[in-house]
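Reader: I'm new to reading protein structures, and I'd like some friendly help. Could you take a close look at one part with me and then link that part to its surroundings?

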Amino acid sequence: MQHLTLGEIAQLLGAELKGEAGYPVTGLATVVKAQPHQVSFLANMKYASQLEQCAAGAVILHPDQAHLFGGNRLLLVNPYLGYARLSQAFAPADQFSGIHASAEVAASARLGDQVNLAPGVVIGAHAIIGDGVTIGANTVVGAGSSIGDHTRLGANVTLYHGVELGRSCTVHSGAVIGADGFGFAKDGDEWVKIEQLGGVIVGDFVEIGAGTSIDRGALDNTVIGHGVKLDNQVQIAHNVELGDYTAIAGCTAIAGSTKLGKHCTVAGACGITGHLTLVDGVHVTAMSLVTHSINEPGAYSSGTGLDKNQKWRRNAARFKQLDQMAKRLKQLEAELQQLKG
Amino acid sequence: MQHLTLGEIAQLLGAELKGEAGYPVTGLATVVKAQPHQVSFLANMKYASQLEQCAAGAVILHPDQAHLFGGNRLLLVNPYLGYARLSQAFAPADQFSGIHASAEVAASARLGDQVNLAPGVVIGAHAIIGDGVTIGANTVVGAGSSIGDHTRLGANVTLYHGVELGRSCTVHSGAVIGADGFGFAKDGDEWVKIEQLGGVIVGDFVEIGAGTSIDRGALDNTVIGHGVKLDNQVQIAHNVELGDYTAIAGCTAIAGSTKLGKHCTVAGACGITGHLTLVDGVHVTAMSLVTHSINEPGAYSSGTGLDKNQKWRRNAARFKQLDQMAKRLKQLEAELQQLKG
Amino acid sequence: MQHLTLGEIAQLLGAELKGEAGYPVTGLATVVKAQPHQVSFLANMKYASQLEQCAAGAVILHPDQAHLFGGNRLLLVNPYLGYARLSQAFAPADQFSGIHASAEVAASARLGDQVNLAPGVVIGAHAIIGDGVTIGANTVVGAGSSIGDHTRLGANVTLYHGVELGRSCTVHSGAVIGADGFGFAKDGDEWVKIEQLGGVIVGDFVEIGAGTSIDRGALDNTVIGHGVKLDNQVQIAHNVELGDYTAIAGCTAIAGSTKLGKHCTVAGACGITGHLTLVDGVHVTAMSLVTHSINEPGAYSSGTGLDKNQKWRRNAARFKQLDQMAKRLKQLEAELQQLKG
């Protein structure tokens, strides 16, 4: 267990400490659950009233809210960011070290210094594994793939051949990078496979969630920018390009050759069809379907709101008459005009 | 192959047998396909007419429908439940036994009695594996995780560290439990990772489908109640709580910190956004998006019905004019009122 | 690296070569990126103007477009199909050969000739592996399953017991075939598991994407026809039947016992509810929900179009008043009629 004093934490976060610099803490907790050996934080004023009962050893607060807590305070303009940074100090260390005897490393693969390979890891021919890389149990790295320094792969991850992963990335279990894109040409009734000859290039500081798939390109590469964050079960088709720092929530699917700009956010369960271009700073709300390119930053949506099923059924039935309703409305307007005229 | 007599089955199900107690059967089949060595069942009156041609050795029926079949009958108030119970008697036994030589079990892990570990299983430090647990090939159990008695994990499952799985659960292949929740704080243009320090607690008699992911909590735990059933490719984000006996169909995604009550059902391909609360007994129909808390039990829906593409296009175009149409309608009503007045 | 002359390629594709038969090339590339050692193709007239600057060693073109490129040309009625066929000639060869020492093959399993088993592969009892089958690292094949000749499985694939896979199929990493269908009977508050006693039968020339799941049948089998193509993260529930040459894009979910005809296409992120029948030649557009059987071929859709969030919000609010609006419209029509009358 990690021990830190409030003085050390203040220095780590660049926070102003109001309280006891030598006070020791061992973890983080929510305002409601925090104990005297833990630090908490207030990032949302909705929870401000809970601070009265808060037993935390210290609370990270905006300077303007300093008066809301009577105990030790760590004052920061962005308490949520402070919480994020402090969480890293309390993260558990890796659970294995060195190269396990059961890992199968091809003779032609190149391993950096201080590489951790868990049991059952398989590293293909000519793969290049950077310094300080940690690879979880039963993960498979294909031939000729490369992994940048300090990147961490969970257990049961699959990297196909020819995948370039940057530095300091995190890839969670069940993720598959470099499988074939979905490409076929019709020959009469049958589908003829288009072999996917491109690769996947992933930038630095990228996080890839559990069960997420990123397909290799058909001819050119699929490209994931620096600092991109992909949640679980995201599907990235062949030749997609994601701009730096774009974040995509769970179960969203992006079809082939679509390009997203930088600093976009796509909420969960969205779909984006193929061959589109979205500029920087586009935000798509949950379960929306994007079917055309977007040239203007901002928030976009599709779908209908939730309703009680019985009421929804009536409205959904009317949706199928909508064009007819619009024509009747126009007709009425014309008739009324005539009547008035 | 399992052999049972109808007398044994009647006792197993608590059914009234009309027929030959010593008649032997070896399996279950549908009314249409059943042979004399198999049992069938009638759970839906839609298929009642098929009973005339049914060759089954016996049929499970509601007492009121006893006259519909001329052969051996097993009479039960709930034939579908009888089918479910009988299916368990005919399930194939596990395919391996004992601890395979290639399984890697940390020295500090604790294994119960009669544990089956298939080839390539990896059990981390301080993990606790209950009695009668069966773990499929190449499945990975993280450090400090625990698995209750008689729970069965498929092949290629991943449990991260600090996951508590209850008794008599089933986890299918490709499932990932305890990966990091999707949490980041913005620091200018960049995302700063919030380490996910909570765990996952799964109750007893829970089923988790193939490729389903359940993320660990940010600070507190993600909690799955007793008897919860999750289909394939379900995504459960950090700090979600699912009440007992709630069932969720394939490809549904639930965002962070949302709480579902007991006895809810969520159909396939739904989305539920974050920080919501749904009371007990909420039912969400397929591909609906839930964006607000639900305080009343019942069925809820969103979306529009399916239509021929050409017709749908016209109506969807009108959807974008809907607010305008509503205003024009109001205007017409006012003008007509004036005209009549 | 594969070397081919244009003469060899012309013969392979059945193309008419206008140019140097002995000219050697080593790969394929897009019109924009192709170098003199590569072949390109023009499948879409949108890109015709790029041919002027094209540096490719040869271009595959429709005979009518032969004049658009000055260099070596391979003339074919379907250049896209030519590209597909040629891509297969340039696909990289498999990366391992023979049966790795760490593969665990049950004594009762039967292996064909020239089988490749990568490290960590597990083959269950009585499994049958055809000639020329290649199985990627840490993939698990359950007891009694069979794999047809020349089928290729990626790394970390799971086949449960009793799965029949045809000839010349491709299964990508993380796919799970034969997990239990989602079947439970209610017993008061609790769910009683219906053991899934059927299997999965997959035809020949089928492709199954990364992370896709195909559940085993409850009593009968789940059936995937010949030449079916499934993209990544597709979910096929128990007892679904897919007709020959049907193709389904990423993240689509099909619920239990639904039957699709031949030559259907389902775009990404769709849902199809259970117990439906879709005839041959049905095409479903992206993120549509199919809730009733379809008896007529053609294109089908549901949902609404994308809009700016602010505008969408107003229209979505009106959707909830749609039935009311329709009634008001009808009322207006009646009143106007009266006024005119």
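The part I'd like to look at is the place where two helices of chain B pack: which residues of helix 1 and helix 2 of chain B make the contact?

Author: Happy to help! Please keep in mind that this is a predicted model.

Let's start with the two helices themselves. In chain B, helix 1 covers residues 6–13 and helix 2 covers residues 79–89; their axes are 10 Å apart and meet at an angle of about 120°. Angles over 145 degrees would count as roughly antiparallel and 65 to 115 as roughly perpendicular, with the rest up there called oblique. Helix 1 of chain B and helix 2 of chain B are therefore oblique to each other. As for handedness, these two helices of chain B cross in the right-handed sense.

Now to the residues you asked about. Helix 1 of chain B brings Ile9(B), Leu12(B) and Leu13(B) to the contact, while helix 2 of chain B brings Gly82(B), Arg85(B), Leu86(B) and Ala89(B). Sorted by class, the residues of this contact are five nonpolar, one polar and one charged.

You can find a matching picture in chain C. There, helix 1 (residues 6–13) and helix 2 (residues 79–89) pack with an angle of about 120° between them, and their axes lie 10 Å apart. That makes helix 1 of chain C oblique to helix 2 of chain C. The crossing of this pair in chain C is right-handed. On helix 1 of chain C, look for Ile9(C), Leu12(C) and Leu13(C); they meet Gly82(C), Arg85(C), Leu86(C) and Ala89(C) on helix 2 of chain C. By class, that contact in chain C holds five nonpolar, one polar and one charged residues.

Let's return to chain B, and to what helix 2 does beyond its own chain. Chain B touches chain C, and the contact takes 67 residues from each of the two chains. Helix 2 of chain B is one of the elements that supply at least two residues to the side touching chain C; strand 39 (307–308), helix 3 (309–319) and helix 4 (322–340) of chain B do so too. The largest share of that side comes from helix 4 of chain B, with nine residues. The classes on the side of chain B that touches chain C are 31 nonpolar, 25 polar and eleven charged residues.

Strand 39 of chain B deserves a second look here. Strand 39 of chain B pairs with strand 38 (residues 298–301) of chain C, antiparallel and over two bridges. One place to see this is Lys308(B), whose bridge partner in strand 38 of chain C is Tyr300(C).

Chain B also meets chain A. In that contact, 67 residues of chain A touch 67 residues of chain B. The side of chain A that touches chain B gets at least two residues each from helix 2 (79–89), strand 39 (307–308), helix 3 (309–319) and helix 4 (322–340) of chain A. Helix 4 of chain A gives the most to that side, nine residues. By class, this side of chain A has 31 nonpolar, 25 polar and eleven charged residues. Strand 39 of chain A and strand 38 (residues 298–301) of chain B run antiparallel and are joined by two bridges. Here Lys308(A) has Tyr300(B) as its bridge partner in strand 38 of chain B.

To place these pieces along a chain, chain A is a handy guide. Chain A is divided into domain 1 (4–89), domain 2 (104–300) and domain 3 (314–340). The centres of domain 1 and domain 2 of chain A, taken over C-alpha atoms, are separated by 36 Å.

Finally, chain C lets you see some sheets. One is an open sheet of ten strands with parallel pairing, in the order 8-11-14-17-20-25-28-31-34-37. Its edge strands are strand 8 (104–105) and strand 37 (289–290) of chain C, each of which pairs on one side only. Within this sheet's order, strand 25 (residues 213–214) of chain C runs parallel to strand 28 (residues 235–236) of chain C, joined by two bridges. Ile214(C) has Ile236(C) as its bridge partner in strand 28 of chain C. Another open sheet of chain C has nine strands, again with parallel pairing, in the order 9-12-15-18-23-26-29-32-35.

Technical notes: Residues numbered from 1 in each chain as written. Chains lettered and ligands numbered in written order. Predicted model: local features only at pLDDT ≥ 70, side-chain atom pairs only at ≥ 80, totals over all residues. Axes fitted to C-alpha atoms, helices over the stretch in contact; angles between N-to-C directions. Helix = DSSP H or I, 4+ residues; strand = E, 2+ residues; numbered from the N terminus. Parallel < 35°, antiparallel > 145°, perpendicular 65-115°, else oblique. Left-handed = near helix turned anticlockwise from the far one by under 90°. Contact = placed C-beta atoms within 7 Å. Nonpolar A, V, L, I, M, F, W, Y, C, P; charged D, E, K, R; others polar. Pairing = 2+ DSSP bridges. Domains from an automatic or database assignment.
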